[in-house]
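Colleague: Could you take me through one part of this model closely, namely the side-chain surroundings of its histidines, and then set that part in the context of the rest of the chain?

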Amino acid sequence: MTEQERDAVLAEADALRVGGDYASAQPKYESLVAEFPDFGLAHTGLGHCLLNTGMFDECLEQFKAAVTLEPTNITFLLNYGKTLCMLGEYDDAKAQFEKVLAIDPDHDDALEQMLYFPS
């Protein structure tokens, strides 16, 4: 599959996911992850599908993979941090928000998330 074809599959999977059709989007993301394991957007899309279908451990694996691939991607860091927080992994979540703030000290969402953590 070419990068252009990859991006078309990603766009289709994203549209399905945003429309709430996780069952149809998930296999598309899985095929992208299998063929392009270094493609952070595919891991993130798959993570969102897994999150929305209650597969939380698997979701965390995908969000972590995206952050590992692109450690300065603020969106990936926020996705991972918010999911960690939701699952009660507060220390790890806080670390993700701190990484965002190291990149962008005025990032509104990260600053808001940090309000939930004691100093």
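Modeller: A polar contact is taken here as a pair of N or O atoms within 3.5 Å, where, within protein, one atom must be able to donate a hydrogen and the other to accept it. The model is a predicted one, and every value below is computed from it. With that cut-off in hand, the side chain of H43 makes a polar contact with the side chain of Q62, at 2.7 Å. H43 itself lies in helix α3, which covers residues 40–52, and with a relative accessibility of 7% this histidine counts as buried. Once its neighbours within four places in sequence are set aside, H43 is in contact with V33, P37, Q62, A65, A66 and L69, so that Q62 appears both as the polar partner of H43 and in the list of its contacts.

The other histidine to consider is H107, which is placed in the loop between α6 and α7 and which, at 17% relative accessibility, also counts as buried. A polar atom of the H107 side chain lies 3.3 Å from the backbone nitrogen of A110, whereas for H43 the partner is the side chain of Q62. Not counting residues up to four places away in sequence, H107 touches I74, L78, V100 and L101.

Turning to the aromatic rings, the search yields one aromatic pair. The rings concerned are those of F97 and F117, whose centres are 6.1 Å apart and whose planes stand at 45 degrees, so the pair is classed as tilted. The pair links distant parts of the chain, with F97 in helix α6 (residues 90–103) and F117 in the segment after α7 (108–114), 20 residues apart. F97 is buried, at a relative accessible area of 0%, and F117 likewise counts as buried, at 12%. Elsewhere, R6 lies over the face of F36, at 5.6 Å from the ring centre, and the charged end of R6 also sits over the ring of F39, 3.9 Å from the centre of that ring.

The cysteines deserve a separate word, since a disulfide is a covalent bond between the sulfur atoms of two cysteines. Searching the whole structure finds zero disulfides. C59 is in none, the nearest cysteine sulfur being that of C49, 10.0 Å away. For C85 the closest cysteine sulfur is in C59, at 13 Å, which is too far for a bond. Both C59, at 0% relative accessibility, and C85, with a relative accessible area of 17%, are buried.

As for the chain around these sites, its secondary structure comes to seven helices and zero strands, and from the N terminus the elements run α-α-α-α-α-α-α. The radius of gyration is 15 Å, close to the 14 Å that the globule rule gives for 119 residues, so the chain is as compact as a globular protein of that length. Along its principal axes, the C-alpha trace spans about 45 × 25 × 20 Å. Of the 119 residues, 41% count as buried, and H43 and H107 each meet that description. Among contacts with a separation of 6 or more, 41% are accounted for by residues 24 or more positions apart.

Definitions and conventions
Residues numbered from 1 in each chain as written. Predicted model: local features only at pLDDT ≥ 70, side-chain atom pairs only at ≥ 80, totals over all residues. Heavy atoms only, no water. Phe/Tyr/Trp six-rings, centres within 6.5 Å; stacked < 30°, edge-to-face > 60°. Helix = DSSP H or I, 4+ residues; strand = E, 2+ residues; numbered from the N terminus. Buried < 20%, exposed > 50% of the residue type's maximum accessible area, 1.4 Å probe, protein only. Lys NZ or Arg CZ within 6 Å of the ring centre and 35° of its normal. Contact = heavy atoms within 4.5 Å. Disulfide = S-S within 2.5 Å. Rg over C-alpha atoms; globule rule 2.2 N^0.38 Å.
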